[in-house]
Amino acid sequence: MTVKSSFMDIRINSRSFFIFDLDDTLYPEADFLKSGYREVANYLQPVIRKDLYDQMIDWYKNGIHAFSSVVEEYGDATITVDKLLSVYRLHFPDIRLRRDASVFIRRLQEYNVPMGLITDGRSITQRNKLKALKIEDCFKDIIISEEFGSEKPDEKNYNFFPDKYPDTHFFFFGDNLNKDFIIPVKSGWTSFCLIDNGGNIHKQRNIHDHKHIYFIDSYDEINLIYEL
């Protein structure tokens, strides 16, 4: 049975370890998309003498591939889909942590509870996100698929943690019901899914079909109780 929590006490101790997904779990991934589109628009403006940011956002909202559309209308030897993707992926993003996630991470740090991160994506893109969010130093271990050689839901990406930290109870936070929770649920980790408020890149479907996952709207719904 799916568990929806309005407020929940979590008892933690020296054997607790918290692991997070990144995109749409600690910050809104749509903000990265907007930041990337702004970077691409700024790159294009001196060449085409037009700000395409709003147009690219409209294309995206209508399910149209923005960069392909740019190339179709304005492409030349210097404006290609590969070039625009490179500008998008390599830019240093203008993004911020969710307010509730920031508070929650600080609380874990106050209790000296170790944290880890498991995220899919390119190394430079994900590392730039962590630097922009100012949380790169919060995690004892960061598993990025390009660096690690496999991506979720591969068991290796998750088993890294119990292999390195045996006799530990893991708490996992994610958002993508298609891949984030398969191994945490199988492994008996206490798992939480951040409910999509309508802005997620990857939409959630049939949340009531997922067992052994706590669904929360905000990290504020969790009350940490440290036990010696």
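Aspartate 167 is exposed in this predicted model. Its relative accessible area is 60%, and the cut-off for exposed is over 50%. Aspartate 167 sits in the loop that joins H8 to strand E6 (169-174). Its phi is near 55 degrees. That is a positive value in a residue other than glycine. Most residues other than glycine have a negative phi.

Asparagine 112 also has a positive phi, near 60 degrees. It is not a glycine either. Asparagine 112 is placed in the loop between helix H5 (99-110) and E4. The residue counts as exposed because its relative accessible area is 69%, and exposed means over 50%.

A further backbone feature concerns proline 153. The peptide bond that runs from lysine 152 to proline 153 is cis. Omega for this bond is near 10 degrees. Most peptide bonds are trans. Proline 153 belongs to the loop between helix H7 (145-148) and helix H8 (155-164).

Lysine 152 appears again among the neighbours of two buried residues. One of them is threonine 119, which lies in strand E4 (residues 115-119). Threonine 119 counts as buried because its relative accessibility is 0%, and the cut-off is under 20%. Its side chain makes a polar contact with the side chain of glutamine 126, at 2.7 Å. Residues up to four places away in sequence are left out of the list of neighbours. With that limit, threonine 119 touches Asp21, Leu22 and Asp23. It also touches Gln126, Ile143, Ile144, Ser145 and Lys152.

The other is aspartate 180, in the loop between E6 and helix H9 (182-186). Its relative accessible area is 0%, so aspartate 180 is buried. A polar atom of the aspartate 180 side chain lies 3.0 Å from the backbone nitrogen of aspartate 175. Residues up to four places away in sequence are again not counted as neighbours. Aspartate 180 then touches Asp21, Lys152, Tyr158, Phe172, Gly174 and Asp175. Asp21 and Lys152 are thus touched by threonine 119 and by aspartate 180.

Two helices also meet. Helix H1 covers residues 29-48, and helix H2 covers residues 53-61. Their axes come within 9 Å. The axes cross at roughly 135 degrees. This angle makes H1 oblique to H2, because it falls neither over 145 degrees, the cut-off for roughly antiparallel, nor within 65 to 115, the range for roughly perpendicular. The crossing is right-handed.

From H1, the contact takes in Leu33, Lys34, Tyr37, Arg38, Val40 and Ala41. From H2, it takes in Tyr53, Met56, Ile57 and Tyr60. Eight residues of this contact are nonpolar and two are charged. No polar residue takes part.

Isoleucine 57 gives a view of this contact from helix H2. At 10% relative accessibility, isoleucine 57 is buried, since buried means under 20%. Isoleucine 57 touches Leu33, Lys34 and Tyr37, with residues up to four places away in sequence not counted. Isoleucine 57 and lysine 34 are 23 residues apart in sequence. In space, they are 7.6 Å apart, C-alpha to C-alpha.

Notes:
Residues are numbered from 1 along each chain as its sequence is written. This is a predicted model: local features need pLDDT of at least 70, side-chain atom pairs count only at pLDDT 80 or more; totals for chains, interfaces and linings use all residues. Side-chain values use heavy atoms; hydrogens and water are left out. Axes are lines fitted to C-alpha atoms, for helices over the stretch in contact, and angles run from 0 to 180 degrees between N-to-C directions. Helices (H or I, at least four residues) and strands (E, at least two) are DSSP runs, numbered from the N terminus. Angles under 35 degrees count as roughly parallel, over 145 as roughly antiparallel, 65 to 115 as roughly perpendicular and the rest as oblique. A crossing is left-handed if the near helix is turned anticlockwise from the far one by less than a right angle, and right-handed if clockwise. Contact means heavy atoms within 4.5 Å. Ala, Val, Leu, Ile, Met, Phe, Trp, Tyr, Cys and Pro count as nonpolar, Asp, Glu, Lys and Arg as charged, and the others, Gly among them, as polar. Buried means under 20% relative accessible area, exposed over 50%, partly exposed in between (1.4 Å probe, protein chains only). A polar contact is a pair of N or O atoms within 3.5 Å; within protein, one must be able to donate a hydrogen and the other to accept it, and residues adjacent in sequence count only if both atoms are side-chain atoms.
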